[in-house]
Amino acid sequence: MTWADFDNDGNPDVFVGNEGTASGWPYLNNDAGVFSRISRTNFAPNLTHGYGGVGADFNGDGWGDLFVARGGT
């Protein structure tokens, strides 16, 4: 599980990895602790076998990024 502000709204969002055959998914915090799964393909094109992730601003653009460690094919 990885916490970061992926949509830059000030609320911590979360990525939940899955070591099985299903995909891991990021969830946006809609405020007050209510989360919605992000399913847009431009955000997460293929998270199959997403074992874990790291949230940081990797490219320095001021937005939270998500790196997902992946296994399998």
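The sheet of this predicted model is open and built from four strands, in the order β1-β2-β3-β4, with antiparallel pairing. β1 and β4, the latter covering residues 35-37, stand at the edges with a single partner strand each, so one side of each is left without a neighbour in the sheet. From one strand to the next, the twist averages 25 degrees. As a general reminder, strands of a sheet pair through backbone hydrogen bonds, in either a parallel or an antiparallel manner.

Let me place this sheet in the context of the chain. The protein chain has zero helices and six strands, and reading along the sequence gives the pattern β-β-β-β-β-β. Of its 73 residues, 26% count as buried. The accessible surface of the chain comes to about 4,400 Å², and carbon and sulfur atoms account for 52% of that area. As for contacts between residues at least 6 apart in sequence, 28% of them join residues at least 24 apart.

I turn now to the strand pairs. β2, residues 13-16, and β3, residues 25-29, are paired in the antiparallel sense over three bridges. Which residues of β3 are the bridge partners of valine 14 and valine 16? For valine 14, the partner is tyrosine 27; for valine 16, the partner is tryptophan 25. On the other side of the discussion stands the pairing of β3 with β4, which is antiparallel and runs over three bridges. Here asparagine 29 of the sheet stands opposite phenylalanine 35 in β4.

The connection between β3 and β4 deserves separate attention. These two strands form a hairpin with five residues between them, and within this hairpin aspartate 31 takes a positive phi near 90 degrees. Aspartate 31 has this positive phi although it is not a glycine. Is aspartate 31 exposed, partly exposed or buried? Its relative accessibility is 47%, and aspartate 31 therefore counts as partly exposed. Alanine 32 is also found in the loop between β3 and β4. The phi of alanine 32 is near 60 degrees, again a positive value in a residue other than glycine. Because its relative accessibility is 74%, alanine 32 counts as exposed.

Finally, the surface. Which residues form a nonpolar patch there? The patch consists of Met1, Trp3, Val16 and Phe35, which together have about 420 Å² of accessible area. Several of its members have already been mentioned. Val16 is the residue whose bridge partner in β3 is tryptophan 25, and Phe35 is the residue of β4 that stands opposite asparagine 29. Methionine 1, by contrast, lies in the segment before β1, a strand that covers residues 2-4. With a relative accessibility of 68%, over the 50% cut-off, methionine 1 counts as exposed.

To close, I return to the two points I would ask you to locate in the structure. One is the hairpin of β3 and β4, where aspartate 31 has its positive phi. The other is the nonpolar surface patch of Met1, Trp3, Val16 and Phe35.

Definitions and conventions. Residues are numbered from 1 along each chain as its sequence is written. This is a predicted model: local features need pLDDT of at least 70, side-chain atom pairs count only at pLDDT 80 or more; totals for chains, interfaces and linings use all residues. Side-chain values use heavy atoms; hydrogens and water are left out. Patches are made of residues with over 30% relative accessible area and no salt bridge: like charges are joined within 9 Å, nonpolar side chains (Val, Leu, Ile, Met, Phe, Trp, Tyr) within 5 Å. Accessible areas come from the Shrake-Rupley method with a 1.4 Å probe; for residues, only the protein chains shown count as cover. A salt bridge is a side-chain nitrogen of Lys or Arg within 4 Å of a carboxyl oxygen of Asp or Glu. Buried means under 20% relative accessible area, exposed over 50%, partly exposed in between (1.4 Å probe, protein chains only). Two strands pair if DSSP finds at least two bridges between them. Axes are lines fitted to C-alpha atoms, for helices over the stretch in contact, and angles run from 0 to 180 degrees between N-to-C directions. Contact means heavy atoms within 4.5 Å.
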